[in-house]
Amino acid sequence: MSQYLINGLVLSSIYILVALGLTLVYSILDVPNFAHGELVMLGAYIGVFSLGIVGVTNYFLVLVISVLALAALGLFLEKFIFRPLRSAPPATMFIAALGLVYILQSTVQLIWGKEWLSLRSPFMGAIKLAGATVTYTRVFIFSLSCLLMILISLFVYRTWLGKGIRAVSQSESGAALVGINSNRMISLTFALSGALAGVAGILLGHVTFVFPAMGFSPLLRAFAIIIIGGMGSIPGAIIGGFFIGAIETLSVAVFSAEYADIFAFGALVLTLIIRPRGLMGKLE
Amino acid sequence: MPGRFRVISYFGIILALYLIPVVVRIDYVINLLIFFLIWSMVALSFNLLFGYTGLLSIAQGGFFGIGAYAYALLVMKAGWPTWPAWVAGGIVSAVVSLPVSAITFKLKGHYFAICTLALSLIITGTLTIWRDLTNGSLGLVGVPPIRGIFLPWAGQVSFRSTFSFYPLTLTIFLLVLWVTYLLANSKVGRTFQAIRENEALSSSVGVNPNYHKAVCFFISAMISGLAGGLYASYIGFIHPMTSDVFIGLFALVCTVVGGTGTILGPVIGNLLLGTIPEILRIDPVVRNLIFGIVLIVVVRVAPKGIMGILKAKRQRAQGSRRV
């Protein structure tokens, strides 16, 4: 049981990173970025690729490469795909994001093939904790995720740039009135979201395998997380993430792994019925 | 085009479609056409929701799977005759849509899309874990084909072979197309479009949006379910992936590319993106890449899809003639 609990905790900390990227973009652009899962997948592939070049000893360089590459991709997608569609009907961006899913997934398949790859981690060994075996890799994943959650919260709520992002997400014209360049803020958000996807991809690659469809499941979990926590809310995403993790762990421990999906998405639907704005979401 | 000429040409096209298996004796081609017709029905049902009422539902794959499973289970476990079981499959799907629309009534925009996506995944999950009924992820093998009928001019017709199944599928497809056409041009259809354009305004003139949304969902789920039953009857093997999310997403792609809110748009989209790549034997990976690029280009350049481009061209031609 404690083994389930710890593994569930580690996995949900990665899902929270995915959800944070998703919720940042949602709060500023009101678009559920369906392609975010593919950014996570791409992050993992870039990790595998650069690990093959620089070697496992330069692990942190690998992390940096993936983060920079995905942040750049985030900027690119915002500028060339999402920005021209900003005045179009809301469903349009959703469909464009779906198009990106197809493009990114098949591009990766054309380059790397369909094989399941593994992403080696530089941390060897494990510790015993409450009767469960916890590898150092999982310890690292959990600590890095928590650190990033804190950093992102501090950035959004305590810095000048974070204030700008929040201002644009509340009212674009209002922000423009007080001299905030909203295009720059939206670009920044996409870069941040891409960077988070890059880290999440590498971390996810350590606990699962790396394959072209690997982004789909975390994306769906992230949707469940941000709807339960409240769209656009960062503390909501963190609380929602551990909540979904707990539900899934319990359903796996009590029933079997096949039930995890039903309970997670059941919680999503239930949230939408009872409290559509989620736990911490703001009123429309 | 004069009215009479148009009617004659429509009948000519329909006759030609029925005569295809007489001329083309290649099993592969007819098989391809059957799938084209089945997926077109799903796309039509999606278009009814998204194109006419503005509901971006991703749950069509789920309803397709429910129809397929209901048909298979009623025939195999309850011993029903095939035709009533097929109709019942459509009705079961439609009845399942009622709680779905009750849940999603209040939701706006993206929340609606995400909620239907989650419900579609829940349907797949339920079909997987309900082993006593659905045999889990192993699926159901040996689903009996729909029974033959007696036609006065052709005698006893069985639907066991590809060539005889094609006219059946074509007939049902044309009926679905006809129903969609009638619906779109009826008062109800115009009410759907009023809700799509402005829900608050339409309710201010006495339209009940929730009731009409539920009606639209009901009809659309029934079409998907009937298509699913047909699929199960033709393939003879179903498993939880018969209700896969990607069925609903493919319907979305076809509809958006072909022309959202047009009668023939989803069919054209399916022909271009489903059938032609299959004929050309394009690698599925490359095909998906094309899907993505086409989707993004269409939403950027032609939001009304291929039908929209054709319409604009026709109007331009008419305009220049008048001058």
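# A tour that starts between two chains

Select α4(A) and α13(B) first: these helices run roughly antiparallel to each other. The model on screen is a predicted one.

**Stop 1: the helix pair**

In chain A, helix α4 covers residues 90–112. Its partner in chain B, α13, covers residues 284–301. Two packed helices are described by the angle between their axes and by the distance between those axes. For α4(A) and α13(B), the angle is about 150° and the axes are 8 Å apart. An angle over 145 degrees counts as roughly antiparallel, and that is why α4(A) and α13(B) get this description. Turn the view until one helix lies in front of the other; the crossing of α4(A) and α13(B) is left-handed. Now colour the residues of this contact by class: there are 15 nonpolar and 8 polar residues, and no charged ones.

**Stop 2: the side of chain B that touches chain A**

Widen the selection to the whole contact between the chains. How many residues does the contact take from chain A, and how many from chain B? Chain A gives 35 residues and chain B gives 32.

Keep the chain B side and hide the rest. Which helix of chain B gives the most to this side? It is α5(B), with 14 residues. Select residues 109–129 of chain B to see α5. Then add α11 (245–258) and α13 (284–301) of chain B; α5, α11 and α13 each supply at least two residues of the side that touches chain A. By class, this side of chain B has 23 nonpolar, 7 polar and 2 charged residues.

**Stop 3: B:I58**

Select B:I58 next, in the loop of chain B that joins α2 (27–53) to α3 (60–76). Is B:I58 buried or exposed? B:I58 has 27 C-beta neighbours inside 10 Å, so it counts as buried.

Show what B:I58 touches, leaving aside neighbours within four places in sequence. Its contacts are B:A113, B:T116, B:L117, B:S120, B:V245, B:G248, B:L249 and B:L252. Compare these numbers with the ranges of α5 (109–129) and α11 (245–258) of chain B.

Next, draw a distance from B:I58 to B:A16, C-alpha to C-alpha. These residues are 42 apart in sequence and 34 Å apart in space.

**Stop 4: A:R86 and A:D30**

Move to chain A and select A:R86, in the loop between α3 (59–82) and α4. A:R86 counts as partly exposed because it has 15 C-beta neighbours inside 10 Å.

Add A:D30, which sits in the loop between α1 (2–29) and α2 (36–54) of chain A. With 15 C-beta neighbours inside 10 Å, A:D30 also counts as partly exposed. What separates A:R86 and A:D30 in sequence and in space? They are 56 residues apart along the chain and 9.8 Å apart from C-alpha to C-alpha.

Check the backbone of A:D30 as well: its phi is near 55°, a positive value in a residue other than glycine. Most residues other than glycine have a negative phi.

**Stop 5: B:N135**

Go back to chain B and select B:N135, in the loop between α6 (131–134) and β1 (140–141). Phi of B:N135 is near 65°, which is again a positive value in a residue other than glycine. B:N135 is partly exposed, with 18 other C-beta atoms within 10 Å.

**Stop 6: each chain as a whole**

Zoom out and show chain A as a cartoon. Chain A has 11 helices and 2 strands. From the N terminus on, its elements run α-α-α-α-β-β-α-α-α-α-α-α-α. Chain A has a radius of gyration of 18 Å, close to the 19 Å that the globule rule gives for 284 residues, so chain A is as compact as a globular protein of that length. Its C-alpha atoms fill a box of roughly 55 × 45 × 35 Å along the principal axes. Of the residues of chain A, 51% count as buried.

Switch to chain B, which has 14 helices and 4 strands. Its radius of gyration is 20 Å, in agreement with the value near 20 Å for a compact globule of 323 residues. The C-alpha atoms of chain B fill a box of roughly 65 × 50 × 45 Å along the principal axes. In chain B, buried residues make up 44%.

Last, look at contacts between residues at least 6 apart in sequence. In chain A, 75% of these contacts join residues at least 24 apart; in chain B, the figure is 77%.

Key. Residues numbered from 1 in each chain as written. Chains lettered and ligands numbered in written order. Predicted model: local features only at pLDDT ≥ 70, side-chain atom pairs only at ≥ 80, totals over all residues. Rg over C-alpha atoms; globule rule 2.2 N^0.38 Å. Buried ≥ 20, exposed ≤ 12 C-beta atoms within 10 Å, placed from the backbone. Contact = placed C-beta atoms within 7 Å. Nonpolar A, V, L, I, M, F, W, Y, C, P; charged D, E, K, R; others polar. Axes fitted to C-alpha atoms, helices over the stretch in contact; angles between N-to-C directions. Parallel < 35°, antiparallel > 145°, perpendicular 65-115°, else oblique. Left-handed = near helix turned anticlockwise from the far one by under 90°.
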